Amino acid sequence: METTTPVPTTTAAVPSEDGPAGSRGPLAWADGQILPACDATVPLTDEGFLRGDAIFEAVLVRHGRTHALEPHLARLHRSAAAVELTVDDGAVRQAIGDLLRAWGERDGAVRVILTRGGVLRGLIGAAEWPPSISLGVVEAPWRTAISGVKTLSYAANQWAVRQARALGADDALIVDDGIVHELPTGAVVLIRDGVCSTPDPDRLPILASVSIAALREVADVALVEPSLEDLLAADEVVVLSATRPCLPVHGLHLADGRRQELTAPGPVTQRLRTALEAHIASTLDEPPSQ
Ligand SMILES: Cc1ncc(COP(=O)(O)O)c(C=O)c1O
């Protein structure tokens, strides 16, 4: 079992509004200190950097409060177990609390990264997206020995994004052997005749999305193995991730050059978004203690 280097549990120094970390840019947490994200470092020799051997979580922040922190931390622990890393839960919570206090009552996303070298780092920053996006369908073998584990090894995911951009789309939708899986950094919901469905993480090698779990608390969303035909028959398509709750899809770009326009947001998407936003607003985690 790998062990992590103990992380100082001192309260992070939060520079004043005049200081560099008081600016509006992203902030990092390193060794118990808050600093501008661009100044945070990881040793070159850390296998997290050298081989992407690291795990992470990204959590939605609204008005300086996280949403669904506990399921995200539970997934971090599952990821750690899958790749034999040890999570210092207290240090992770300390990092998130320090970052939230430094960020103030703003929206964004907070992220924790734990490397094989035992380095725990945190990041907080704004999460901004366009009102809708297009998806390029990218065929790729998606199953690995550690599918569904939130590791830092996203080179294949980034490759898929580039393939999608070459098709003229904003982001990729991974299809493996004719079955719709996930986006490189998000989950997908298909809507047809008012019925919502999403790829089932228990049957497919995809990340079990915390956002989908939240959506399923307020809407019926069936867990399925959707085919490419199901995607093409959808009336509406929606992307979800911690930083993108309910982002509508306005077009699908296929590898053979075909394009399909979609209403974005469609009527069901609007209902889902309203319900999910109300749910998020009413179930935000406690603000960090001062
Ligand atoms: C590959 C992948 N699938 C799905 C998701 C959506 O997960 P969540 O809703 O928990 O953010 C993410 C989010 O980062 C992801 O990276």
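In this predicted model, the largest cavity encloses about 100 Å³ of space. It is one of two cavities of 30 Å³ or more in the structure. Its walls are formed by Leu60, His67, Ala68, His72, Val210, Ser211, Ala214, Ser241, Ala242, Pro245, Leu276 and Ile280. Two elements, helix 5 (210-216) and helix 7 (267-282), each give two or more residues to this lining, and helix 5 gives the most, with three. For readers who like to think in side-chain chemistry, the lining of the largest cavity has eight nonpolar and four polar residues, and no charged ones. Both domain 1 (20-125) and domain 2 (133-279) give residues to the lining, so the largest cavity lies between these two domains.

Attention now turns to the open space in the protein. The largest pocket holds about 1,000 Å³, and 46 residues line it. Nearest the centre of this pocket lie Phe56, Lys150, Tyr154, Pro184 and Thr185. Several helices and strands give two or more residues each to the pocket lining: the helices are helix 2 (69-83), helix 4 (155-166) and helix 5, while the strands are strand 3 (54-62), strand 5 (108-115), strand 6 (120-125) and strand 13 (236-241). Helix 5 thus appears in the lining of the largest pocket as well as in that of the largest cavity. By class, the pocket lining has 26 nonpolar, 14 polar and six charged residues. As for the domains, domain 1 (20-125) and domain 2 (133-279) each supply at least three residues to the lining of the largest pocket.

The ligand comes next. There are 16 residues around the ligand, and those that come nearest are Arg75, Lys150, Tyr154, Ser209 and Ser211. Lys150 and Tyr154 are also among the residues that lie nearest the centre of the largest pocket, and Ser211 is also one of the residues lining the largest cavity.

Polar contacts to oxygen atoms of the ligand come from both side chains and backbone. In the side chain of Tyr154, an N or O atom is 2.6 Å from a ligand oxygen. Ser211 likewise uses its side chain, with a polar atom 2.4 Å from an oxygen atom of the ligand. Ala242, another residue of the cavity lining, takes part through its backbone, where an N or O atom lies 2.9 Å from a ligand oxygen. The ligand taken alone exposes 390 Å², and the protein buries 95% of that area.

Technical notes: Residues numbered from 1 in each chain as written. Predicted model: local features only at pLDDT ≥ 70, side-chain atom pairs only at ≥ 80, totals over all residues. Heavy atoms only, no water. 1 Å grid on protein atoms, 1.4 Å probe; cavity = no way out; pocket = protein on both sides within 12 Å on 5 of 7 lines; lining within 4 Å. Points joined across faces, edges and corners; volume = space filled by probe spheres on them. Helix = DSSP H or I, 4+ residues; strand = E, 2+ residues; numbered from the N terminus. Nonpolar A, V, L, I, M, F, W, Y, C, P; charged D, E, K, R; others polar. Domains from an automatic or database assignment. Near = heavy atom within 4 Å. Polar contact = N/O pair within 3.5 Å; in protein donor to acceptor, adjacent residues only side chain to side chain. Areas by Shrake-Rupley, 256 points an atom, 1.4 Å probe, with all protein chains shown as cover.
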